[in-house]
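Work through the exercises below with the sequence and the model at hand. Try each task before reading its solution.

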Amino acid sequence: MALIKKQSFLFFLVITLSLFSTPSSEPGRHNQHHPHYSHAPPPDQSAIFKTKFSSELLLSTISLPTTPRYSAATPGVGEWSLLQESVGVSAMHMQLLHNNKIVIFDRADFGSSNLSLPAGKCRFDPRAAKHDCTAHSLLYDVDSNTYRPLMVQTDVWCSSGAVNSLGTLVQTGGYHDGYKKIRTFTPCNDDSCDWVELPLNLTVQRWYGSDHILPDDRVIVVGGRRAYSYEFFPNNDNRVFPFPLLKETTDPKEENNLYPFLHLLPDGNLFVFANRRSLLLDYKNDRIVREYPEIPGEKRNYPATGSSVMLPLKLGNSSYPAVEVLICGGARGGAYLKALRGRFMAASKSCGRIRVTDPEPVWVMEDMPLRRVMPDMLLLPTGDVIIVNGAARGSAGWECGDEPVLSPVMYYPDEPDPAKRFSALSPSAKPRMYHSAAILLPDGRVLVGGSNPHVKYNFTAAKYPTDLSLEAFSPPYLGTEYAHLRPSILSIDGTEDNAVAYGQQFTISFSLGGFQLVPGEYLVTMVAPSFTTHSFAMNQRLLVLYVSAEQQIAPFAYKVTVHAPPTANIAPPGYYMLFVVHQGVPCHSVWIKLHI
């Protein structure tokens, strides 16, 4: 909202100046590499010139767009920047909130961190420092690049979370005194907000479990160490539902099924993946709808840790778009036990992709350019997938990984040639091993932090010392050479305070800063911010919105009519980052709230 207010003057300036501007008839060099989408053919350019003094020009009614492939990706591109050398806490868990602030937290059971709590605040910890006056959580402000300490009362180590429709982080589980705890963090515009521990507890201990927000605004909590079940929050009747898949996929002495991958499908059922097996769960009726084939190759869940995303949902006239799940990285069975003895097995190089809505789905396997265990996979505004962090050998666990993989890799889901789907990008100088994390930022950058493969903070370790820094990676689309292609959202109309209802039509006005829009060379996406820990970005989803019309309101300013997702199964209620992507280059997002 603040972004739109700041740009309101710019909107009128663009309109005014455009009356005296001559639009460029030469598309950018970038365009020659970028595929056309399934929009209607471009209109006659001469017609645009003849009517350039018109305040509104209907260009076309367009059909369902496809997700674009960013065409400029070549090895060695993208840029890293150090945001903070130390925030005092290793970023094991991260959640972006709708006020552009990020909740970050680590363990709370090992003693003092490097960030002090405000004077007079301490917590009692019988297992470590009996009076711990240091913070194990913080709130990072993206806009100002500043942070302040937060106070957790119980141990949040290896826990999980989801943001509800009001924008409150609901965080579940942890270790020892945190096993059954439920905590919330509600964002505020001052420094008054902090963690709140609820008097209600989970029914079962949840350590290394996964959470997913549901269409009815409940959170489903699945699994955890020796927790072969799922439950809900709120849980008015304290029911727990046995889930045999989790017991069946537990490997002796290794497990390899913790932090199961969860993805909510448009039919309202939940895709659950553990170890190498997956199924579709009808959680409303406690029923298994179907089981999928086993993924070939290595194990994929903690400690043989891989990562998973549900690929972009492309919305049109159907309430049930095709759904694909991508899983990459992991380790062979036995990798964790061997790593404990100092032998580091080669990590997985493979990715598996499955269309889970097909009548007879099969895994299609591909190879990444780099082996990876403990990768973080994030959906970018373009619909592409970035893979960061991790190691080339070993597994997750203390002292269990070796050979850090410093270069991110981009995966282009819509690239028809499998040989061109992956691209290695510029390497970071910092290893991000066990207990590191990454999330998407509202401006299209990727925030990366954490890495502590030791029992306690160890800043003098010969290999991979504890890292308390925060970095940002700017993907290739943020390069200055593409600034002329970058949209800027001017206004969102047809909404009240950027709140939209399911199926509602609304309009987005945006400028291109000196470049002519080519119909079919853009799309509008919505991205749900993730809760990331242990290489899984929970609740992450990207929707490509249906665009029904576009209007030119000036040579370099446009208005498009888009349709909000039709159901809560496709997009649970809550806050989303809204992006306009032009020729593979996204704008700075604007937050919108989807409601029933």
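**Exercise 1. Describe the hairpin of β14 and β15: how many residues lie between the two strands, and which turn residue has a positive phi?**

Solution.
- Step 1. In this predicted model, β14 and β15 make a hairpin, and 6 residues separate them. Strands here are DSSP runs of E with at least two residues, numbered from the N terminus.
- Step 2. The turn residue to pick out is G223, whose phi is positive at about 75 degrees.
- Step 3. β14 covers residues 219-222 and runs antiparallel to β15, with 4 bridges joining them. Two strands count as paired if DSSP finds at least two bridges between them.
- Step 4. One bridge can be followed by residue: V219 has F233 in β15 as its partner.
- Step 5. β15 also pairs with β16 (residues 241-242), again antiparallel, through 2 bridges. There S229 is bridged to P242 of β16.

Two notes apply to every exercise. Residues are numbered from 1 along each chain as its sequence is written. The model is predicted, so to speak of local features a pLDDT of at least 70 is needed and side-chain atom pairs count only at pLDDT 80 or more, while totals for chains, interfaces and linings use all residues, and side-chain values use heavy atoms, with hydrogens and water left out.

**Exercise 2. Are the faces of β15 buried or exposed?**

Solution.
- Step 1. Fix the terms: buried means under 20% relative accessible area, exposed means over 50%, and partly exposed lies in between (1.4 Å probe, protein chains only).
- Step 2. Recall that side chains in a regular strand alternate between the two faces of the sheet.
- Step 3. Sort the residues of β15 by face: S229, E231 and F233 are on one side, and Y230 and F232 on the other.
- Step 4. Each of these residues is buried, so both faces are covered. In the count for residues 229-233, 5 of 5 are buried.

**Exercise 3. Which cysteines are joined as disulfides, and in what pairing order?**

Solution.
- Step 1. A disulfide is a covalent bond between the sulfur atoms of two cysteines. The rule used here is a pair of cysteine sulfur atoms within 2.5 Å, and it gives 3 disulfides.
- Step 2. C122 and C133 are linked, with 1.8 Å between their sulfur atoms. The link is right-handed, with 90 degrees about the S-S bond. C122 sits in the loop between β4 (101-105) and β5 (123-124), and C133 in the loop between β6 (131-132) and β7 (137-141), so the bond ties together parts 11 residues apart in sequence.
- Step 3. C122 is partly exposed at 34% relative accessible area, and C133 is partly exposed at 32%.
- Step 4. C188 and C193 are linked at 2.1 Å; this link is left-handed, with -75 degrees about the S-S bond. C188 is buried at 14%, as is C193 at 9%.
- Step 5. C328 is joined to C351, S to S 2.0 Å. The torsion about this S-S bond is about 115 degrees, so the disulfide is right-handed. C328 belongs to β23 (residues 324-328) and C351 to β24 (residues 350-355), so the pair ties together parts 23 residues apart in sequence. C328 and C351 are both buried.
- Step 6. With the bonded cysteines numbered in sequence order, the pairing reads 1-2, 3-4, 5-6.

**Exercise 4. What is the strand order of the open sheet that contains β26, and which strands stand at its edges?**

Solution.
- Step 1. The order is β26-β27-β30-β31, an open sheet of 4 strands with antiparallel pairing.
- Step 2. β26 (376-379) and β31 (422-424) are the edge strands; each has a single partner, so one side of each lacks a neighbour in the sheet.
- Step 3. β30 (residues 409-411) pairs with β31 in the antiparallel sense over 3 bridges. Within this pairing, Y411 is bridged to F422.

**Exercise 5. What is the average pLDDT of the chain?**

Solution.
- Step 1. pLDDT is the predictor's confidence in each residue, from 0 to 100.
- Step 2. The chain average is 88, and 87% of the residues score at least 70.
- Step 3. Over residues 1-70 the pLDDT is below 50. Where pLDDT is low, the predicted coordinates should not be read in detail.

Note on methods
Contact = heavy atoms within 4.5 Å.
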